[in-house]
Amino acid sequence: MSIDKSRYPHRLCLQTSYSAHRTYTRPAFAPKPTIDIKHIRQNPGLYEQNCIDRNYAAHSKSSWRIIELHEQWLALQQSARGLRERNNLLRAQLAKTASRLKEAGGAKDVRMKQGIVDEAKKLKVELSAIESKETELQVEIEGLAQDLPNLSSTHTPVGTDFEVVEYINEHLSPKSTSASRVRSHVDIGQDLGILDFSGSAQTSGWGWYFLVGDGAMLEQALVQYALSVTRSRGWKAVAPPSLVYSHIASACGFQPRDQNGEQQIYAIEQAEKDKSKPQLALAGTAEIPLAGMKAGQTLELSEMPLKAVGVSRCYRAEAGARGADTKGLYRVHEFTKVEMFAWTTPDNIGDDHFTPANTADSEAIFEEMLGIQKDILQSLGLHCRILEMPTTDLGASATRKRDIEAYFPSRREKDQGWGEVTSTSMCTDYQTRRLHTRTRINGKLEFPHTLNGTALAVPRVLAAILENHYDEKELAVSIPEVLRPFMGGQEMIRKS
């Protein structure tokens, strides 16, 4: 069936993206996604252009396919309506014939009754086939709609280039007796005896590591400091599970494989006897279990915004697929992270998906998360820059994202030394629609908005501290002052 594209507006103000097809079976108890398919049908050109802008061409025609399937569904509905009307007429005729037979009707009435019954059976078969086809079309429509990620904010640059928003701290040179000699955190950590990569290679393989002695204590200090900052600002601490159902991860925008076919998350292999049970995966971030914690629930308006901060181990399967980016602690398979997650009242009510300039709770929480990140990184003495990320860099759930990159002296040959250490994302109702999390506003159930932001990702921040606070003359690393109370007042890390 061909679609007349001139009937549909081509609105160019928001963007979408592509996510891989599901590789699991959604269990019966999973929350039922409630995607706004009507909005997709009304704006197919928008969704097509969005996919192109985000470099996810594989889904650029999905919105048009949804329209095509919907029109097929409408045609089936019309056919079914005619059959049901005929079926109702047959029922009335059958009732009259049965009444005459009770009054000693003749052979003619018997034949008429049998003819009506036979036609009714035929109609039933036809209706059953139509209803089955309607169900197939609905399933395909819903699958295509779910695979279209969130619409991007008008703040988001279209394309591949980010915008530098501001800087944190002055650019500090490493404390070294030789300005030309800059040591990486790998060399520093191994010389001080606080990083062990050879041992982890034996136990777990490449992309894993041991933190030893003061390295392990520095990790705990970073976690405790991040918790102290967030909790002082009203964020409730949560210890989330590391294992999540695959359908929960998918609802949050995390797919088994990315657009390049690289594995993103670890799926748990299940024994043969457990194959019928829901698939489990290791969480790549506390965002996933925190979002799932409220799945299928209705949040009280009085408790919004609801703010949680979770400490968890995070698992990323793609750590070994980025070449030189993977040296040392910069990209690893497992790490500790302190993650902020919030539910807020929706900025728009009803069918309006487009964010106005004066947004409400989610904008305030977005700025609060960024403020917490800036304060933490500034107090750690790290030189950083804040970036407004482009459409091609947004995850499936994000409508807007800002990253903060720290300066790593050893990475001067790559990205001019910059490396991401935190990220903050607004997700509007992408996750709550898929997790069926709602809130009641003015007597009507609405989908709250969600946001997530890194309070502190240990390995990269630890690496940045080692490289920026290493004193070659002292052969030691100065511990940032804000971390010293969590390390018993210790000021320097020296070789033990």
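1. Contact here means heavy atoms within 4.5 Å. On that criterion, and in what is a predicted model, Leu-483 touches Leu-218, Ala-221, Leu-222, Tyr-225, Leu-380 and Ile-465, once residues up to four places away in sequence are set aside.

2. Leu-483 also belongs to the largest nonpolar core, which has 59 residues, and is listed there with Leu-222, Leu-380 and Val-461 among those having the most contacts inside it. Helix H7, spanning residues 214-231, supplies the largest share of this core, namely 8 residues. Another core lies apart from it and has 23 residues, including Trp-73, Leu-123, Leu-144 and Leu-151.

3. The sheet to consider alongside these helices is an open one of 8 strands, with mixed pairing and the order S1-S10-S11-S12-S15-S9-S8-S4. Its edges are formed by strand S1 (163-168) and strand S4 (236-238), each of which pairs on one side only, and from one strand to the next the twist averages 25°.

4. Within that sheet, strand S11 (residues 400-407) and strand S12 (residues 418-426) run antiparallel and are joined by 8 bridges; for Tyr-407, the bridge partner in S12 is Trp-418.

5. Helix H7 packs on the sheet, where it touches S4, strand S8 (306-315), strand S9 (334-344) and strand S15 (449-457), and the direction of H7 makes about 10° with that of S9. Helix H12, covering residues 458-468, lies across S9, S11, S12 and S15, and runs at about 40° to S15.

Terms used. Residues numbered from 1 in each chain as written. Predicted model: local features only at pLDDT ≥ 70, side-chain atom pairs only at ≥ 80, totals over all residues. Heavy atoms only, no water. Core = buried A, V, L, I, M, F, W, Y, C linked by side-chain atoms within 4.5 Å. Buried < 20%, exposed > 50% of the residue type's maximum accessible area, 1.4 Å probe, protein only. Helix = DSSP H or I, 4+ residues; strand = E, 2+ residues; numbered from the N terminus. Pairing = 2+ DSSP bridges. Axes fitted to C-alpha atoms, helices over the stretch in contact; angles between N-to-C directions.
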